[in-house]
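Got your viewer open? Here is a short walk through the model, stop by stop, with something to select at each one.

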Amino acid sequence: MTRPTLIALLFASLLLLGGTYTADNFNAKDRRHEPPPTPELMEHDGQQMGADNGAGEGLHYAGEDCSICHTTGGKAGSYVFSIAGTIYEDRFARRPAVGAVVMLEDIVGNVITMTTNSVGNYWTTTPIASNPMAVANHGGATTVLYTTDADGNVTAFADPADSRTWQYKTWISHDDATRHMVTIAPVGGASGTTPYMSCTMHHNMLGSSGASWVSSRPTFANPPTTNISFKKHVLPVLISKCVPCHIPGARLTRAATSTDIDADDPTTVDYSDGKDFTTYGGSTVDSVTKDGFREFVDPEVPELSEALTTTRKRSDGTVEHAGGGFWTEDDADYRLLLQWISEGALDN
Ligand code: HEC
Ligand code: HEC
């Protein structure tokens, strides 16, 4: 390869890895998978992963919602964090992910990174850019956080101190696994005084309110190689990797900006894509009907099953699927699903 080609290639791959955000992909419609900022890129910009780690030991209340106390007027009101939480290696919060990287890119493109300590905790006081035209929506109730006059002209922008206006995309990485926290804040819950990191922060852990998880480890330590059961083997894999996105019922992502409320269909950003992978044959919950996992596998040509091709990591590291890439053909979880499909994809 000639030198100019090499340089051109390097440049192209840097652009590809960059995945920089602009205000336009911070509306509900354009939220989608993007690659996380890489260590190489960060160092290139003179930053180290973990550059935003907060001061202190931070060894207490692992897995709790730190913001209950670490908020203005809270029990730890002298240490107000913009972001804090705990990362585990598994969805059941059994083992902390030590040295995991939490990355945020805010609406103006600032990259904020933290690393987890020996109990999996991370926290920072680095400010997060505010969206002046933010709209908070939680549990279906929409609150417009800026004000307009009778003609619709903005008279006051949203208060940047209100955590519901902080907007960012998030990824967590540990070893060679990366989890995309697709939901963009407004981080606030139902009110400005109940901040949460993002939906995945409180909807994806079992029995833990302030935590998330990331792991490249297979779901089972000793997965069986034949006689795979949907209930005993396949379902745990799907629950660990495909939830919280492909779930039953109406789970719409909140509106986030003025563009969202102006859109034709403002609240219908549904990360489930009409699929419920907590079931074999689909579900109807609150009159929302979704397809089950069986619909996306094909025992005739197992390796061409849509559920597998969509979620496979390509050799160049890219992935089409909005939920990210989960495995290569060598991974135990992938092989387990493939084997179950080859055995007829039974509801067993
Ligand atoms: C139930 C209330 C409560 C919760 C929940 C809580 N903290 Fe704290 N935290 C406190 C209090 C109170 C202090 C102040 C202690 C002092 O004044 O010395 C504190 C102090 C700290 C400090 C500074 C002192 C040190 O240990 O270095 C850090 C860092 C910290 N907390 C991190 C966290 C993280 C991370 C979480 C979430 C995983 C969290 N805290 C959850 C109450 C809480
Ligand atoms: C972070 C959220 C998220 C997670 C986790 C997730 N997905 Fe998805 N998935 C989506 C979204 C959003 C779409 C629709 C957009 C797209 O096709 O990329 C989708 C679409 C799909 C499709 C349809 C693709 C097509 O071309 O129509 C399949 C199949 C699928 N996902 C399988 C899976 C499987 C299997 C898992 C778990 C191993 C999984 N997904 C995990 C968000 C997610």
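How many of the 348 residues of the protein chain count as buried, as a percentage? The answer is 46%. Keep in mind while you look around that this is a predicted model.

**Stop 1: the whole chain**

Start with a cartoon view of the protein chain, where you'll find seven helices and 13 strands. If you switch on contacts with a separation of 6 or more, 61% of them are between residues 24 or more positions apart.

**Stop 2: the iron atom of ligand 1**

Now select the iron atom of ligand 1 and look for its protein donors. They are His60 and His70, each through NE2, at 2.0 to 2.1 Å from the iron. Which arrangement do the six donor atoms make around this iron atom? It is octahedral, because the angles they subtend run from 83 to 179°. For that label, opposite donors have to be over 155 degrees apart and all others between 65 and 115.

Zoom out a little to see where the two histidines sit. Histidine 60 and histidine 70 are both in the loop between helix H2 (39-44) and strand E1 (83-88), so the pair ties together parts that are ten residues apart in sequence. Turn on a surface and compare them: histidine 60 is partly exposed, at 46% relative accessible area, whereas histidine 70 is buried, at 12%.

**Stop 3: the shell around ligand 1**

Select what surrounds the rest of ligand 1. There are 18 residues around it, and Glu57, His60, Cys66, Cys69 and His70 come nearest. Color the shell by class and you get nine nonpolar, six polar and three charged residues. Strand E4 (residues 121-124) supplies the largest share, with three residues.

Next, draw some distances:

- From an oxygen atom of ligand 1 to a polar backbone atom of glutamate 57, you should get 2.5 Å.
- From an oxygen atom of ligand 1 to a polar backbone atom of glycine 58, expect 3.2 Å.
- From a nitrogen atom of ligand 1 to a polar side-chain atom of histidine 70, expect 2.7 Å.

**Stop 4: ligand 2**

Move on to ligand 2. Which residues come nearest to it? Of the 18 around ligand 2, they are Cys242, Cys245, His246, His321 and Ala322. This shell divides into nine nonpolar, five polar and four charged residues. Highlight helix H6 (residues 306-311) as well, since four residues of the shell, the largest share, come from there.

Two distances are worth drawing here. One runs from a nitrogen atom of ligand 2 to an N or O atom in the side chain of histidine 246, at 2.7 Å. The other goes from an oxygen atom of ligand 2 to an N or O atom in the side chain of glutamate 306, at 3.4 Å.

**Stop 5: aspartate 333**

Select aspartate 333, which you'll find in helix H7 (residues 332-342). Is aspartate 333 buried or exposed? Buried, with a relative accessibility of 4%; the cut-off for that label is under 20%. Show its side chain and pick out two polar contacts. The side chain of threonine 219 is one partner, at 2.8 Å, and the side chain of lysine 241 is another, at 2.9 Å. Leaving out residues up to four places away in sequence, aspartate 333 touches Pro218, Thr219, Phe220, Val237, Lys241 and Trp327.

**Stop 6: two positive phi angles**

For a backbone stop, go to asparagine 227. Its phi is near 55°, a positive value in a residue other than glycine. You'll find asparagine 227 in the loop between strand E11 (211-213) and helix H4 (230-241), and it is exposed, with a relative accessible area of 65%.

Then jump to aspartate 273, not a glycine either, yet with a positive phi of about 55°. Aspartate 273 sits in the loop between helix H5 (258-262) and strand E12 (283-285). At 53% relative accessibility, aspartate 273 counts as exposed.

**Stop 7: glutamate 300 and glycine 344**

For the last stop, select glutamate 300, in the loop between strand E13 (288-290) and H6. Glutamate 300 is exposed, with 72% relative accessible area. Now add glycine 344 and draw a line between the two C-alpha atoms. How far are they separated? The distance is 8.4 Å, for residues that are 44 apart along the chain.

Methods
Residues are numbered from 1 along each chain as its sequence is written. Chains are lettered from A and ligands numbered from 1 in the order in which they are written. This is a predicted model: local features need pLDDT of at least 70, side-chain atom pairs count only at pLDDT 80 or more; totals for chains, interfaces and linings use all residues. Side-chain values use heavy atoms; hydrogens and water are left out. Donors are N, O and S atoms within 2.8 Å of the metal (3.2 Å for Na, K and Ca); water is not among the atoms, so sites may look incomplete. Four donors count as tetrahedral if all angles lie between 85 and 135 degrees; four count as square planar and six as octahedral if opposite donors are over 155 degrees apart and all others between 65 and 115; anything else is irregular. Buried means under 20% relative accessible area, exposed over 50%, partly exposed in between (1.4 Å probe, protein chains only). A polar contact is a pair of N or O atoms within 3.5 Å; within protein, one must be able to donate a hydrogen and the other to accept it, and residues adjacent in sequence count only if both atoms are side-chain atoms. Contact means heavy atoms within 4.5 Å. A residue is near a molecule or strand if one of its heavy atoms lies within 4 Å of it. Ala, Val, Leu, Ile, Met, Phe, Trp, Tyr, Cys and Pro count as nonpolar, Asp, Glu, Lys and Arg as charged, and the others, Gly among them, as polar.
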